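Here are my notes after a look through this one, set out as numbered points. Have the model open while you read.

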Amino acid sequence: MDIKHSVYIALFAAITAALGIFPPINIAALGVPITAQSLAVMLAGGILGAKRGALSMVLFLVLVAVGLPLLSGGRGGFGIFAGPSGGFLLSWIVGAYVAGHIVEKAWNKLNVVYAFVAAAVGGIVVVYAIGIPWVAVAAEISFNKAFVGSMAYVPGDLIKAVIATAVILVVKKSYPIISKSED
């Protein structure tokens with residue numbers, strides 16, 4: 001990996017941190033706040049590709065784990081990963097990878113539909129598939145209650161997927177970082 005790609009990875013970790021400036025909206029029943037930071041998962045994968053997008057999330061989460069207050073609301077520290085949010089946070093790595101993989105595979109024909117599918121599958125489906133079971137265990141509630149409670153997040157996440165779609169397509173046209181289907 002060259003310096004340019006390392007800078008991109010660090011840049012998207014910084015973008016994820018910057019999205020933490022927006023205050024969290026807390027849903028007391030689940031203990032998992034609604035934040036703008038999950039948009040970064042979609043953007044990192046869709047703009048950097050699978051490997052670099054996932055590595056940007058790894059870097060960000062390592063910084064959070066060592067105690068930097070980079071999560072929305074100024075949260076940080078290793079203990080965050082043991083709470084209800086932990087599964088969602090860790091899922092960001094897989095979500096960015098999946099979003100990036102979809103974009104890479106569709107690169108030559110990337111359009112609104114493919115970009116939206118990448119953002120939604122990586123940033124919503126994958127994130128929820130890992131996060132919801134974690135909430136159920138960490139909050140000691142049933143999976144069904146965790147699932148139903150998590151549905152409150154879907155409208156906002158769909159809006160984030162639309163925003164990510166637009167940004168991914170603009171970056172592809174103006175400054176493509178992904179050059180071809182990368183394996």
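1. Is Lys160 buried or exposed? This is a predicted model, and in it Lys160 is buried, with a relative accessible area of 11%. That is below the 20% cut-off for buried. The residue belongs to helix α7, which runs over residues 154-174.

2. Where does the Lys160 side chain go? Its side chain reaches the backbone oxygen of Thr35 at 2.5 Å. Setting aside residues up to four places away in sequence, Lys160 touches Thr35, Ala36, Ser38, Leu39 and Met42. Of these, Ser38, Leu39 and Met42 are among the buried residues of α2, so have a look at that helix next.

3. Helix α2 covers residues 38-48, and eleven of its eleven residues are buried, so the helix is largely enclosed by the rest of the structure. If you want to click through them, the buried residues are Ser38, Leu39, Ala40, Val41, Met42, Leu43, Ala44, Gly45, Gly46, Ile47 and Leu48. The cover over them includes α1 (3-18), α3 (50-65), α4, α5 and α7. After α2 comes Gly49, with a positive phi near 95 degrees.

4. Now the packing of α2 on α7. Their axes come within 9 Å and cross at roughly 30 degrees. Angles under 35 degrees count as roughly parallel, and α2 and α7 are therefore roughly parallel to each other. The crossing of α2 with α7 is right-handed. On the α2 side the contact is made by Ser38, Leu39, Met42, Leu43, Gly46 and Ile47. On the α7 side they meet Asp157, Lys160, Ala161, Ile163, Ala164, Val167, Ile168 and Val171. By class, this contact has ten nonpolar, two polar and two charged residues. Lys160 from the opening point is thus one of the α7 residues that meet α2.

5. What about α1 against α2? These two helices pack at an angle of about 160 degrees, with their axes 10 Å apart. The cut-off for roughly antiparallel is over 145 degrees, and α1 and α2 are therefore roughly antiparallel to each other. Their crossing is right-handed. Tyr8, Ile9, Phe12 and Thr16 from α1 meet Ala40, Leu43, Ala44, Ile47 and Leu48 from α2. The class count for this contact is eight nonpolar, one polar and no charged residues. Leu43 and Ile47 are worth a click: they are listed in the contact with α1, and they are listed in the contact with α7.

6. The loop between α1 and α2 holds Gln37. At 1% relative accessibility, Gln37 counts as buried. The Gln37 side chain reaches the backbone oxygen of Thr16 at 2.8 Å. Thr16 is also one of the α1 residues that meet α2. Leaving out neighbours within four places in sequence, Gln37 is in contact with Thr16, Ala17, Leu19, Gly20, Phe60, Leu70, Leu71, Ser72 and Trp92. As for Ser6, Gln37 is 31 residues from it in sequence and 21 Å from it in space, C-alpha to C-alpha.

7. Next, α4 (residues 86-105) and α5 (residues 112-138), whose axes come within 7 Å and cross at roughly 155 degrees. How do they run relative to each other? They are therefore roughly antiparallel. This crossing is right-handed. The contact's residues divide into 19 nonpolar, six polar and no charged. Both α4 and α5 also help to cover the buried residues of α2.

8. Two valines to finish. Val7 lies in α1 and is partly exposed, with a relative accessible area of 48%. Val58, in helix α3, is also partly exposed, with a relative accessible area of 31%. Val7 and Gly20 are 13 residues apart along the chain, with their C-alpha atoms separated by 20 Å. Val58 and Trp92 are 34 residues apart along the chain, with their C-alpha atoms separated by 8.4 Å. Trp92 has come up already, as one of the residues in contact with Gln37.

Definitions and conventions: Residues numbered from 1 in each chain as written. Predicted model: local features only at pLDDT ≥ 70, side-chain atom pairs only at ≥ 80, totals over all residues. Heavy atoms only, no water. Axes fitted to C-alpha atoms, helices over the stretch in contact; angles between N-to-C directions. Helix = DSSP H or I, 4+ residues; strand = E, 2+ residues; numbered from the N terminus. Parallel < 35°, antiparallel > 145°, perpendicular 65-115°, else oblique. Left-handed = near helix turned anticlockwise from the far one by under 90°. Nonpolar A, V, L, I, M, F, W, Y, C, P; charged D, E, K, R; others polar. Buried < 20%, exposed > 50% of the residue type's maximum accessible area, 1.4 Å probe, protein only. Polar contact = N/O pair within 3.5 Å; in protein donor to acceptor, adjacent residues only side chain to side chain. Contact = heavy atoms within 4.5 Å.
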